[in-house]
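I opened this entry to keep track of what I looked up, beginning with the overall fold and moving on to the aromatic rings.

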Amino acid sequence: MNTLKRMVLLGAMWAATAWAQGNIEINTPAISQIKSSMQARHTQLAPHYASGAVGLGADGNVVLRDANAVPLAQRQAVQGLVAQENTDRAALYREIARANGHPEWEADIRSTFAQRWIERAQSGWYIQSGGQWSRK
């Protein structure tokens, strides 16, 4: 194996090892505030998860997957909830990476959380995998 390939392989192994040592349960005042905002919003989103209007995307975001499942009078409000949730999720991933001292881990943290959200989804909620939607 040539030197460049060996360096790339060792770098990839180091990055994987370093990420494995990251703390996704870390807590700071900023993370606590984001989590509180998300918890408060969850009660408003829960009926839309249950109806199938909203689902959990494979990318760690919440998706309005079936706007027709939301009455027209409520559609804009639900779109706003989804946007606020995704803003908080992005901030959560970013803050956890920063709190670990590795802002470059943000994408890995997003991926880890995406898997966790889907694993913890309630039965009947829509989840995305491989670009396809299915009920859990």
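The notes below go from the whole chain to single ring contacts.

**Chain overview**

I am working from a predicted model. I first listed the secondary structure and found four helices and four strands in the protein chain. Along the sequence these elements run α-α-β-β-α-α-β-β.

I then looked up burial: of the 136 residues in the protein chain, 35% are buried. The accessible surface comes to about 8100 Å², and carbon and sulfur atoms hold 54% of that.

For contacts, I took those with a separation of 6 or more. Residues 24 or more positions apart account for 57% of them.

**Aromatic pairs**

How many aromatic pairs are there? I counted three aromatic pairs. One of them joins Y49 and W125, with 4.2 Å centre to centre and 20° between the planes, and I logged the pair as stacked. That label follows because planes under 30 degrees apart count as stacked.

Where do Y49 and W125 lie? I placed Y49 in helix α2, residues 29-51, and W125 in the loop between α4 (106-120) and β3 (126-129). The two residues are 76 apart in sequence, so their pair ties together distant parts of the numbering. I checked the cover on both: Y49 is buried at a relative accessible area of 3%, and W125 is buried at 8%.

Next I looked at F113 and W117. Their ring centres are 5.6 Å apart and their planes stand at 45°, so I noted this pair as tilted. Both residues belong to helix α4, and because they are four residues apart there, about one helical turn separates them.

Is F113 buried or exposed? F113 has 8% relative accessibility, so I entered it as buried. W117 has a relative accessible area of 23% and is partly exposed, because the cut-off for buried is under 20%.

I also noted that ring pairs link F113 and W117 with Y93 into a cluster.

**Charge over rings**

Last, I looked up R65 against the rings. Which ring faces does R65 lie over? R65 lies over the face of Y126, at 3.4 Å from the ring centre. The charged end of R65 also sits over the ring of W133, 5.8 Å from its centre. I recorded both entries under R65, with Y126 and W133 as the ring partners.

Key
Residues numbered from 1 in each chain as written. Predicted model: local features only at pLDDT ≥ 70, side-chain atom pairs only at ≥ 80, totals over all residues. Heavy atoms only, no water. Buried < 20%, exposed > 50% of the residue type's maximum accessible area, 1.4 Å probe, protein only. Contact = heavy atoms within 4.5 Å. Areas by Shrake-Rupley, 256 points an atom, 1.4 Å probe, with all protein chains shown as cover. Phe/Tyr/Trp six-rings, centres within 6.5 Å; stacked < 30°, edge-to-face > 60°. Lys NZ or Arg CZ within 6 Å of the ring centre and 35° of its normal.
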